[in-house]
Amino acid sequence: MNKPLRRIAIFCGLLILALLVRTNWLQYVKAEDLATDDRNRRVLINQYAVPRGDIIVAGEPITGSVKVEGSDLQYKRTYKDGPMYAPVTGYASQAVGMTLLESTYDSVLSGQDDRLAFERVTDVVTGKERRGGDIITTIDPGAQKAGYKGLTDLGARGSVVALDPRTGKVLALVSTPSADPGTFAGNSLKESGLFGKLADDKSKPLANRGMRETFPPGSTFKILTAAAALEHGVVTDVNARTDAASPYQLPQSSNKIGSQAGDRVCDKASMKTAMQYSCNNVFLDAALKVGADKMRETAEKFGFNEDVYSSDFGDLRAVKSLYPEGLDKPGTALTGMGQGSLTSTPMQMAMVTAAMANDGKVMQPYIVDEVRSPNSDTLEKNEPEVMSEAVSSETAAKVREMMEHTAREGSAQRAQIDGITVGGKTGTAQRGVNVQDEVPYGWFVSYGMKPDGESVAVAVFIDPTDMDISRDQISGGSLAGPIARSVMQAVLQD
């Protein structure tokens with residue numbers, strides 16, 4: 001063979017070798033990535049090739065599937081009470097993708113999970129149509145409805161989160177305003193356009209305010225401040241008068257902070273009285289004396305500064321609630337009343353409240369109780385898990401004493417329920433730099449306990465931006481308290 005032919009042969013051989021290497025690279029190394037790439041049309045076709053399994057609440061499906069004619073995406077998702085359950089289900093849209101439970105459990109719901117391989121084979125043999133598995137949630141439909149109705153009746157942006165303190169089960173997860181995921185579940189231009197309008201809406205109907213947005217918690221954070229002061233020995237007797245003057249001189253500042261209840265009630269008040277009337281001075285002073293490091297340490301034991309709250313199944317994700325590092329004395333004092341640079345999700349404040357009702361133990365929140373195959377076989381089962389022991393049972397009991405006194409005699413009376421032990425705390429949180437120009441947020445946290453030990457903890461958050469209400473009418477007790485009461489009733493009395 002002459003030299004030119006030999007060079008051509010070698011070059012062709014190298015090309016063939018490169019082709020074989022590339023083919024094997026794609027087939028064995030990149031196969032999984034390519035098979036699951038969102039741009040791969042076959043992925044979308046497989047997701048909607050069969051009726052999706054259902055997301056279940058109290059034994060009843062809140063999702064469904066309908067046949068789509070004239071499309072390679074054969075089934076489209078439907079939702080029952082879509083706006084009410086959207087923060088739980090998320091959405092499965094042929095046009096814009098998936099979120100929340102629809103996304104996390106897509107492999108099960110679409111029937112593609114490896115654990116369903118045997119059932120897929122038997123379906124082929126028997127000629128039975130393949131179907132996805134089901135997701136059994138922990139949601140209490142009465143609590144969910146009570147929270148959603150309460151917020152929508154007010155016409156408020158807001159959230160309600162309810163937890164079982166003993167287990168961490170999420171009993172309600174509400175966010176308003178909301179949208180029906182079924183209206184953009186298909187692949188049409190009209191549905192894509194509707195989603196775009198919802199995404200651009202200033203009221204943020206696609207937001208999940210319970211888990212994915214943070215706000216200053218205001219005076220609801222005082223229950224954590226009280227726990228920190230008791231745990232670190234700054235306060236030993238909740239009935240003893242303090243030396244916290246009202247109005248309170250903020251350290252290293254010319255600012256003095258008063259309380260709505262007035263100086264006569266709040267000046268050097270005991271912590272129990274301060275909780276009852278939400279006296280700022282006592283909690284500012286307590287946080288300052290506990291100190292930034294120990295305040296942050298206590299907050300972190302309740303879940304602050306953690307990125308995610310989730311079960312082993314990854315079904316529940318929440319953004320980080322923040323107790324910052326490096327606070328100076330004025331900043332530390334302000335966190336004592338839930339202001340300054342402190343931020344929290346409603347989920348986080350529900351966790352704090354639930355821990356007080358559970359002897360100081362923070363339980364891992366979870367919203368999926370069980371994952372089942374199409375034949376109702378259990379694939380996964382969630383079990384209660386202790387996240388941390390945030391404070392001692394003695395400290396938690398003293399905080400409950402103050403919260404129950406506040407519900408009986410103080411600002412949380414609107415949450416009282418006959419025959420149920422109720423503890424509560426109101427909150428009105430300032431926002432923005434020019435607080436007089438900004439409408440404050442309203443908060444309410446509470447727990448209810450039956451004599452047999454059954455209990456529920458609730459956090460209600462209200463953003464009254466869209467409400468026709470004056471600034472001086474905004475109060476966590478008046479706006480959010482009745483909603484918390486109705487949610488607790490739905491769990492404990494219905």
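## A228 and its surroundings

A228 is buried, with a relative accessible area of 0%. Please keep in mind throughout that this is a predicted model.

A228 belongs to helix α10, which spans residues 222-231. Leaving out residues up to four places away in sequence, A228 touches V290, M295 and T298. A286 is also worth a look: A228 and A286 are separated by 58 residues in sequence, yet their C-alpha atoms lie 8.5 Å apart in space.

M295 leads us on to another buried residue, T335. M295 is among the contacts of T335, along with F221, T225, A287, Y323, L327 and L342, once neighbours within four places in sequence are set aside. T335 sits in helix α15 (residues 329-335) and has a relative accessibility of 0%, so it counts as buried, the cut-off being under 20%. Its side chain makes a polar contact of 2.7 Å with the side chain of Y323. The side chain of T335 also reaches the backbone oxygen of T332, at 2.6 Å.

For an exposed residue, turn to D243. D243 lies in the loop between α10 and β10 (248-249), and its relative accessible area of 52% makes it exposed. Which residues does D243 touch, not counting those up to four places away in sequence? They are K268, D285 and K289. With K289, the side chain of D243 forms a polar contact of 2.8 Å. D243 and A269 are 26 residues apart in sequence, with 7.9 Å between their C-alpha atoms.

The table gathers the accessibility values of four residues.

| Residue | Place | Relative accessible area | State |
|---|---|---|---|
| A228 | helix α10 (residues 222-231) | 0% | buried |
| T335 | helix α15 (residues 329-335) | 0% | buried |
| D243 | loop between α10 and β10 (248-249) | 52% | exposed |
| V21 | helix α1 (residues 3-29) | 52% | exposed |

V21, in the last row, is found in helix α1 (residues 3-29). Together with I10, L14 and L17, V21 makes a nonpolar surface patch of about 390 Å². Here a little helix geometry is handy: an α-helix has 3.6 residues a turn, so residues three or four places apart point the same way.

Helix α4 (residues 82-89) offers another view of a helix, since it is mostly covered, with seven of its eight residues buried. The buried ones are G82, M84, Y85, A86, P87, V88 and T89. Just after α4 comes G90, which takes a positive phi of about 70 degrees.

Finally, let us visit the sheet. Five strands form an open sheet with mixed pairing, in the order β2-β1-β7-β13-β14. Which strands stand at the edges? They are β2 (60-61) and β14 (378-381); each has a single partner strand, so one side of each is left without a neighbour in the sheet. Strands of a sheet pair through backbone hydrogen bonds, either parallel or antiparallel. Strand β13 (residues 368-372) and β14 run antiparallel and are joined by three bridges. Within this pairing, E370 has K381 of β14 as its bridge partner.

Terms used. Residues are numbered from 1 along each chain as its sequence is written. This is a predicted model: local features need pLDDT of at least 70, side-chain atom pairs count only at pLDDT 80 or more; totals for chains, interfaces and linings use all residues. Side-chain values use heavy atoms; hydrogens and water are left out. Patches are made of residues with over 30% relative accessible area and no salt bridge: like charges are joined within 9 Å, nonpolar side chains (Val, Leu, Ile, Met, Phe, Trp, Tyr) within 5 Å. Accessible areas come from the Shrake-Rupley method with a 1.4 Å probe; for residues, only the protein chains shown count as cover. A salt bridge is a side-chain nitrogen of Lys or Arg within 4 Å of a carboxyl oxygen of Asp or Glu. Helices (H or I, at least four residues) and strands (E, at least two) are DSSP runs, numbered from the N terminus. Buried means under 20% relative accessible area, exposed over 50%, partly exposed in between (1.4 Å probe, protein chains only). Two strands pair if DSSP finds at least two bridges between them. Contact means heavy atoms within 4.5 Å. A polar contact is a pair of N or O atoms within 3.5 Å; within protein, one must be able to donate a hydrogen and the other to accept it, and residues adjacent in sequence count only if both atoms are side-chain atoms.
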